[in-house]
Amino acid sequence: MTNLTTGIHDGISDAVYHADPCLPDNISLSSTELRRITASPARFRWCKDNPPPHKRVFEFGHAAHRLALGVGSDIVVCDYDSWRTKAAQTERDDARANGQTPLLPDEWAELQQMLHALRAHPVAAALLDPDRGGKPEQTLIWQDPTGPMCRARADWFPNLTGDGRPILTDYKTAADASNNAFARAAANYGYHQQAAWYLAGVRALTGIDRPAFVFVVQEKEPPYLVNVIELDETALRIGDAQNSAAVATYLQCVETRQWPGYGPDVQLVALPRWIETRFEEEYPNAASF
């Protein structure tokens, strides 16, 4: 098995990365795991002990990454109209067993159109262009000041040469790539934590003060619009604070061997503040509460 020390590593497979190859104990924290701890330590512990099953919905995203970045599982186009027949399912399952991503012809055609739209976007194409310097799928291993080993896997990591500000790039597919939709997705899925975590790793490993992290977000429906988004300083500060709190929670759970969920007591919950604000605007004469 591959074992990794602190540093920036090239050519590490998905299987090795997700097997947590960090020395000395093969135990480290990733951005995904931190976000699970933020949701609840019990969720983190469950996922650690019970790797999630395969999900068909992820295959399209993996294939999009393969075409956009040039690395990842090989794609196998299976010549069927759907996966309904036994023959189609057998070919699909064989591809998965071989570490490949099976697609139907219409899915492959859709991905080709997405790739064309991605390459037509001047900023996104430049960020993911190997001729401009950089490599895909780089693995970062570092140690948090409080002790735990940490890892991250950058979709695109720039060459650390010259005086320019290095820009890490993360490619995501989405139903809606607009600014407002991405802001909601960032809050719901913790993309601000992801960005802050990756930037912390770059600073720890390179000493570079202000690296940048941008998301290249592409819609999955025609015309496959592309939006390049950088979260603001406030979002990154919130992400840093949540990540630090999650690391502290992890250390406490390891020490106590307790991985709590949402708590045993009845929880009093208010509606989101925006609903209260709208209510006050629409019903100004309602009785105060």
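Against which elements do the buried residues of α2 pack? The legends below, which describe a predicted model, take up this point after an overview of the protein.

**Figure 1. Overview of the predicted model, with eleven helices and eight strands**. The C-alpha trace spans about 65 × 55 × 50 Å along its principal axes. Of the 289 residues, 39% count as buried. Among contacts between residues at least 6 apart in sequence, 66% join residues at least 24 apart. The accessible surface comes to about 16,800 Å², and carbon and sulfur atoms account for 52% of that area. The protein carries 27 positive and 37 negative charges, whose mean positions are 2 Å apart.

**Figure 2. Packing of helix α2 (residues 31-39)**. The buried residues of this helix are S31, E33, L34, R35 and I37. These residues pack against α3 (41-49), β5 (149-157), α8 (179-189), α9 (191-206) and α10 (233-256). One of the buried residues of α2, L34, is in contact with N243, a residue of helix α10.

**Figure 3. The surroundings of N243 in helix α10**. N243 has a relative accessible area of 4% and is therefore buried. Neighbours within four places in sequence left aside, the contacts of N243 are L34, Q193, A196 and W197.

**Figure 4. A154 in strand β5 and its contacts**. Is A154 buried or exposed? A154 counts as buried because its relative accessibility is 1%. Apart from neighbours within four places in sequence, A154 is in contact with P136, E137, Q138, L140, L168 and Y198. One of these contacts, E137, lies in strand β4 (residues 135-143). Y80 and A154 are 74 residues apart along the chain, and their C-alpha atoms are separated by 34 Å.

**Figure 5. Backbone geometry at E137, R257 and the P222 to P223 bond**. Most residues other than glycine have a negative phi, and most peptide bonds are trans. E137, in strand β4, has a positive phi, near 50 degrees. The relative accessible area of E137 is 14%, so this residue is buried. R257, which is not a glycine, also has a positive phi, of about 60 degrees. R257 lies in the loop between α10 and α11 (273-282) and counts as exposed, at 71% relative accessibility. The peptide bond from P222 to P223 is cis, with omega near 5 degrees. P223 is placed in the loop between β7 (212-219) and β8 (226-229).

**Figure 6. The salt bridge between K135 and D10**. Side chains of opposite charge can pair when their charged atoms come close. In the pair formed by K135 and D10, the closest N and O atoms are 3.3 Å apart. This pair links distant parts of the chain, with K135 in strand β4 and D10 in the loop between β1 (7-9) and α1 (14-18), 125 residues apart. K135 is partly exposed, with a relative accessible area of 41%, and D10 is partly exposed as well, with a value of 46%.

**Figure 7. The salt bridge between R153 and D14**. The closest N and O atoms of R153 and D14 are 3.2 Å apart. Distant parts of the chain are joined here, R153 in strand β5 and D14 in helix α1 being 139 residues apart. R153 counts as buried, at 10% relative accessibility, whereas D14 counts as partly exposed, at 35%.

**Figure 8. The salt bridge between R132 and D129, and a salt-bridge network**. R132 pairs with D129, with the closest N and O atoms 4.0 Å apart. R132 is exposed, at 61% relative accessibility, and D129 is partly exposed, with a relative accessible area of 24%. Elsewhere, salt bridges that share partners join D20, E33, K48 and R151 into one network. E33 is also among the buried residues of helix α2. The count of salt bridges in the model comes to 18.

**Figure 9. A patch of negative charge on the surface**. Which residues gather in this patch? The patch consists of D79, D81, E91, D94 and D106. D79 is found in the loop between β2 (75-77) and α5 (86-97). With a relative accessible area of 68%, D79 is exposed.

Conventions
Residues are numbered from 1 along each chain as its sequence is written. This is a predicted model: local features need pLDDT of at least 70, side-chain atom pairs count only at pLDDT 80 or more; totals for chains, interfaces and linings use all residues. Side-chain values use heavy atoms; hydrogens and water are left out. Buried means under 20% relative accessible area, exposed over 50%, partly exposed in between (1.4 Å probe, protein chains only). Helices (H or I, at least four residues) and strands (E, at least two) are DSSP runs, numbered from the N terminus. Contact means heavy atoms within 4.5 Å. Patches are made of residues with over 30% relative accessible area and no salt bridge: like charges are joined within 9 Å, nonpolar side chains (Val, Leu, Ile, Met, Phe, Trp, Tyr) within 5 Å. Accessible areas come from the Shrake-Rupley method with a 1.4 Å probe; for residues, only the protein chains shown count as cover. A salt bridge is a side-chain nitrogen of Lys or Arg within 4 Å of a carboxyl oxygen of Asp or Glu. Lys and Arg count as positive and Asp and Glu as negative; His and the chain ends are not counted. The place of a charge is taken as NZ of Lys, CZ of Arg, CG of Asp or CD of Glu.
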